[in-house]
Structures are given as structure tokens and as C-alpha cells.
Amino acid sequence: MKLKDKPVLRLPRREFLKRGGMGVIGTFIAAGTLGTVSGIQRVSAENVMANMNSLKMGEFNPNYATQWSYRLAQALGHLKDNGIEEFEVILSDEYMPGLIGGSLDITHGDTSVFFGAGHASGLPVKMISLHRDKEWWIMGVRPGIESVEDLKGAKITGGQLEGRNTYVQKEILKKLGLDPNSDVEFVPMSGGSDGRLQALLAGTVDAASLFPRHRFGLEEAGGKFLFAEITNAPQEGFAAMGDWLEKNEDTARAFVHADTKARQWLFDPANKDEAYKIMIDLGYEIPPAFVELYQVELDQISPDGGFESAETMDNFVKELQGTGDLPEGLDWRKYVDMKYVWSAQDALGLPKRPPSL
């Protein structure tokens, strides 16, 4: 699933989320005070040409689905059509220091990292497009757990006790009619979701937070997904700095248009086979079982770079504040600029989403 010969991220994603959002203040201050974003440009994204012919982008995740849209934009020629001739992606968990320091032009990352970094530093971090605007809430259970009643007294893990995955598992229990504080025991676990799957198969825990890709292995061993539901969660996006945007607004608009156009192509089922072939030809390892998750992956990706509504983001931020991933009092609107997305949506004949902030 990762690009061959690329470095593997060593830092657990949610651990880095907090470090990236709140723990690199020295880097931010050293970068100096940055400017603000200029007004809306009245040029169609369809016709705009980037003022930079090369673009350096940071990426925090080697997963093919995380990089799918912009790799397709590159492979299908959409970036070149908008004037971006050279496109370099740098895989690193230091994407925020790179963005702040100017070694990266744009970066892909967690929404909460962008908001937390902007709030903590006072610098104009601006999210200019969403990648994933939905999230699968899944509770997998070991062999022998057949019903909700079987969960009473069970040991459940979401990884870190104060992390988002644990929060999601507690919310799932409420939906199932159980009290997460008295009907079950939550146990901490280090590592990622693959480790939680192994713990389920070994019987170390009775239920755990998993992802769609784990279904096959779990069911093969006699377990199952007791709960699986897609929810609104504008969790990942692309960001740039305010001073960079002031100087390179055409490039930002060109990138977002090319990326959004590639998503529209990707979401057409007629292009499924070619979409996977392009990624495999680029060196991504995608097992056949993952190809079967085509629609499951698309269900999480924003088709147009936007998200449902301002209320959706309000609710998502409140959840992250409840788990300590974002501080109370944060105003997320200071760190979002959807004019690039709205311009691309208009050029591609798509509805404006979100309608407003």
C-alpha cells in the first residue's frame, strides 16, 4: 500500500497529530510573522494558469488512497494543463515545520493539525481544500462475539485512551444502547489499527476500532464488524501559508482545480480499473482485496474538495476539543479559505459546497 522505496512513517498518526498541531511552536516563531490572504480573484479556475511552474507538496501518509487524487491529476495531465510542469511530493511527518519554514509550498495533512498549528502559533495557516470529508466508524469484534449483549463486560480498545478512536468506540457503544463507562472496560494499546486487529484475533481484546480494509481478515478468522457506519468528518485536507498564497494565488487555484477535476474522473466507476492501474504503475502496492474497497474508499473522499456545511465543521471541532486534540476557544474559520474550492466547483459545474462558512 505504500510507495516503493519511500520512507515509512515511524510516528503513530494520532500522536503526531498533537505534536504537529501544538508542539512545534519554536519552528513557527522562527519562521516569523506571515501575511494575510488577499481577496477573491475573479478568474475562472478552469482557465487560470499557475504563476509557478513547479510545486513542492508535503505528504504525511504513504497510503495510495491518501495520494490518489493529486497523483491522478499529475498522471492525467491536469496539473500541466494548469501550468504546473513539475510536481514533487515529499513524504514526511515534519510537514508542518516544512510548510511554516517555506521548504514546502502546499501540504496534505490532518485538519486538526492545521487548526492547532495556526491557533498555537498565531500564523496564518490556511486549509484550501478538503481531501477526506467523511469517516468510517467501525467496531470489530473477535470470534465468539455475536451480539451487542455479548459486549457486556468486554475489553475494548481504540488505542490511546484519550484518542479519537477511543472516542468513536464510546459513541458507537451509545448507539448500540450500552454505557461505555459501566458496561465495558476500555484498555489502552500502542501501535496502529493492524495491531488492534491482531489483538482481536488473539483474543486479547473483545472489540476494537478498525478500518474497512480489516474486514476480510477478521471475517476469515470468524470475527465480524458489529458496527460500521460512515459519518461526516472533515478530517484531512491541503493547506498553505498566508504569505505564500498572497504571492501565488494562481498556483493554489490551479492546483485545486486540477485536483478536483481528477476526483471527478476518479468517482466515475467507468474509470475504476484505469485509476488503480495508474497508481500501480506509479509503484503503489495495492493487493486485489484493496481494489474491492473502491467504493468504500471513495465514500470517505470529498468528491469536490469541499465539505457538507459549517455546522459539520463546528461539530467535528467540538469532538476534537472533547478529546483534547484541539484547545477550547479555537475559531476554525480563521484557518480555512474555501475560495479556491468554490472557484474549482464553479468551473466544473458543481454545486457550491460548503454553501458558506
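Select Trp342 first: leaving aside neighbours within four places in sequence, Trp342 is in contact with Lys352, Arg353, Pro354, Pro355, Ser356 and Leu357. Bear in mind throughout that this is a predicted model. Trp342 itself belongs to helix H16, which covers residues 339–347. Now add Gly306 to the selection. Gly306 and Trp342 are 36 residues apart along the chain, yet their C-alpha atoms are separated by 8.1 Å.

**The whole chain**

Zoom out and colour by secondary structure. The chain has 16 helices and 10 strands. Of its 357 residues, 56% are buried. Turn on the surface next: about 14,700 Å² is exposed, and carbon and sulfur atoms supply 48% of that area. How much of the contact in the chain with a separation of 6 or more comes from residues 24 or more positions apart? Such residues account for 80% of those contacts.

**A pair of strands**

Hide the surface and select residues 125–130, which form strand S4. Is this strand mostly covered or mostly open? Strand S4 is mostly covered, with 6 of its 6 residues buried. Then select residues 236–241, strand S10, which pairs with S4 in the antiparallel sense over 5 bridges. To see one place where the strands face each other, pick Met127 and look across to Ala239 in S10. While the side chains are shown, keep a general rule in mind: in a regular strand, they alternate between the two faces of the sheet.

**Two crossing helices**

Select helix H3, residues 64–75, together with helix H11, residues 249–266. Their axes come within 8 Å and cross at roughly 105°. The crossing angle therefore makes H3 roughly perpendicular to H11. Show the side chains at the contact: H3 contributes Trp68, Ser69, Tyr70, Leu72 and Ala73, while H11 contributes Phe255, Ala258, Asp259, Ala262, Arg263, Trp265 and Leu266. Coloured by type, the residues of this contact divide into 9 nonpolar, 1 polar and 2 charged.

**A loop residue**

The last stop is Arg142, in the loop between strand S5 (134–141) and strand S6 (155–157). Is Arg142 buried, partly exposed or exposed? Its relative accessible area is 24%, so Arg142 counts as partly exposed; the cut-off for buried is under 20%. Not counting residues up to four places away in sequence, Arg142 touches Leu200, Gly203, Val205, Asp206 and Gly223. Finally, select Leu218, which is 76 residues from Arg142 in sequence and 7.7 Å from Arg142 in space, C-alpha to C-alpha.

Methods
Residues are numbered from 1 along each chain as its sequence is written. This is a predicted model: local features need pLDDT of at least 70, side-chain atom pairs count only at pLDDT 80 or more; totals for chains, interfaces and linings use all residues. Side-chain values use heavy atoms; hydrogens and water are left out. Buried means under 20% relative accessible area, exposed over 50%, partly exposed in between (1.4 Å probe, protein chains only). Helices (H or I, at least four residues) and strands (E, at least two) are DSSP runs, numbered from the N terminus. Two strands pair if DSSP finds at least two bridges between them. Axes are lines fitted to C-alpha atoms, for helices over the stretch in contact, and angles run from 0 to 180 degrees between N-to-C directions. Angles under 35 degrees count as roughly parallel, over 145 as roughly antiparallel, 65 to 115 as roughly perpendicular and the rest as oblique. Contact means heavy atoms within 4.5 Å. Ala, Val, Leu, Ile, Met, Phe, Trp, Tyr, Cys and Pro count as nonpolar, Asp, Glu, Lys and Arg as charged, and the others, Gly among them, as polar. Accessible areas come from the Shrake-Rupley method with a 1.4 Å probe; for residues, only the protein chains shown count as cover.
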